[in-house]
Amino acid sequence: MPRVIITVPDQTPQPYRFQLDRQAVQLGRGSDNDIAINCGSVSVRHAVMERTGGGYQIRDLDSTNGTKHDGLRLAIIPLHDGMTVKLGDVAFDFTLTDEEKAILASEKQSAPSPIVAEDSIPQIAPKRQLPRPQPVRRPALQPQLQTPNPAIGFVMTLVFLILAALAFYVGLSIRHKKETNQGLLNSISEKGKVIETPSPSEPSTATDAAPQP
């Protein structure tokens with residue numbers, strides 16, 4: 001029978017033995033557990049030792065202080081002969097006899113797979129490959145020629161003529177100013193004015209004949 005020793009700090013270790021076919025042993029501080037542990041670091045329902053195929057394991061039941069092995073807090077810990085697990089601050093020692101270890105080892109051996117004749121294996125028909133769909137070719141779109149709008153052509157011509165006349169005037173004005181140091185508009189306005197000046201009277205060159213005595 002598997003042997004479990006519970007050691008509470010500052011108390012005498014308490015040994016427990018169970019039949020090999022026992023499927024579960026619940027541990028905790030509550031009195032309804034299979035193993036009641038009187039220690040404040042142990043939860044009311046702390047952990048359960050479970051029988052598995054070929055061995056045992058201890059599973060934590062979301063306890064406050066956890067179930068640990070080698071200082072690591074784990075949810076499930078596989079149990080081996082001579083192993084020590086901590087339930088809070090309480091030591092949980094697990095031991096097996098040589099006979100129990102032999103029985104558990106025999107349970108781990110799986111039965112050999114049966115030999116099946118090759119002709120009895122059902123043949124799986126290969127999957128039928130479907131033909132790949134051919135891409136649909138669409139005719140190329142022909143560009144549509146747009147008929148020019150005569151009104152737009154007239155406006156563009158008019159704008160071009162205005163710009164050409166403006167450029168000609170600017171060039172002529174710059175050239176005139178360089179030559180005369182006077183603006184072209186000023187020169188045109190001055191030439192348009194008619195300045196009338198009175199002609200001076202010519203002095204008389206003939207001498208009046210002296211009256212005859």
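Why does V85 count as buried? In this predicted model, the relative accessibility of V85 is 0%, and buried here means under 20%, so V85 falls on the buried side of the cut-off.

As for its surroundings, V85 sits in strand β10, which covers residues 83–87. Setting aside neighbours within four places in sequence, V85 makes contact with I58, T67, K68, I77, L79, V90, A91 and F92. I6 is 79 residues away from V85 along the chain, and the C-alpha atoms of the two are separated by 9.9 Å.

One of those contacts, L79, is worth following up. With neighbours within four places again left out, L79 touches M49, Y56, Q57, I58, V85, F92 and F94. L79 also turns up in the largest nonpolar core, a set of 25 residues in which I6, I37, M49, L79 and F92 touch the most other members. Several strands chip in at least two residues each to this core: β1 (3–7), β3 (24–28), β5 (47–52), β6 (55–60), β9 (76–79), β10 and β11 (90–95). In soluble globular proteins, nonpolar side chains tend to be buried together.

Back to β10 and its sheet. The strand belongs to an open sheet of 6 strands, ordered β2-β1-β11-β10-β7-β8, with antiparallel pairing. At the edges are β2 (14–17) and β8 (72–73), each of which pairs on one side only. Between β10 and β11, which run antiparallel, there are 5 bridges. K86 has A91 of β11 as its bridge partner, and A91 is also among the contacts of V85.

Key: Residues are numbered from 1 along each chain as its sequence is written. This is a predicted model: local features need pLDDT of at least 70, side-chain atom pairs count only at pLDDT 80 or more; totals for chains, interfaces and linings use all residues. Side-chain values use heavy atoms; hydrogens and water are left out. Helices (H or I, at least four residues) and strands (E, at least two) are DSSP runs, numbered from the N terminus. Buried means under 20% relative accessible area, exposed over 50%, partly exposed in between (1.4 Å probe, protein chains only). Contact means heavy atoms within 4.5 Å. A nonpolar core is a set of buried Ala, Val, Leu, Ile, Met, Phe, Trp, Tyr and Cys residues joined through side-chain atoms within 4.5 Å. Two strands pair if DSSP finds at least two bridges between them.
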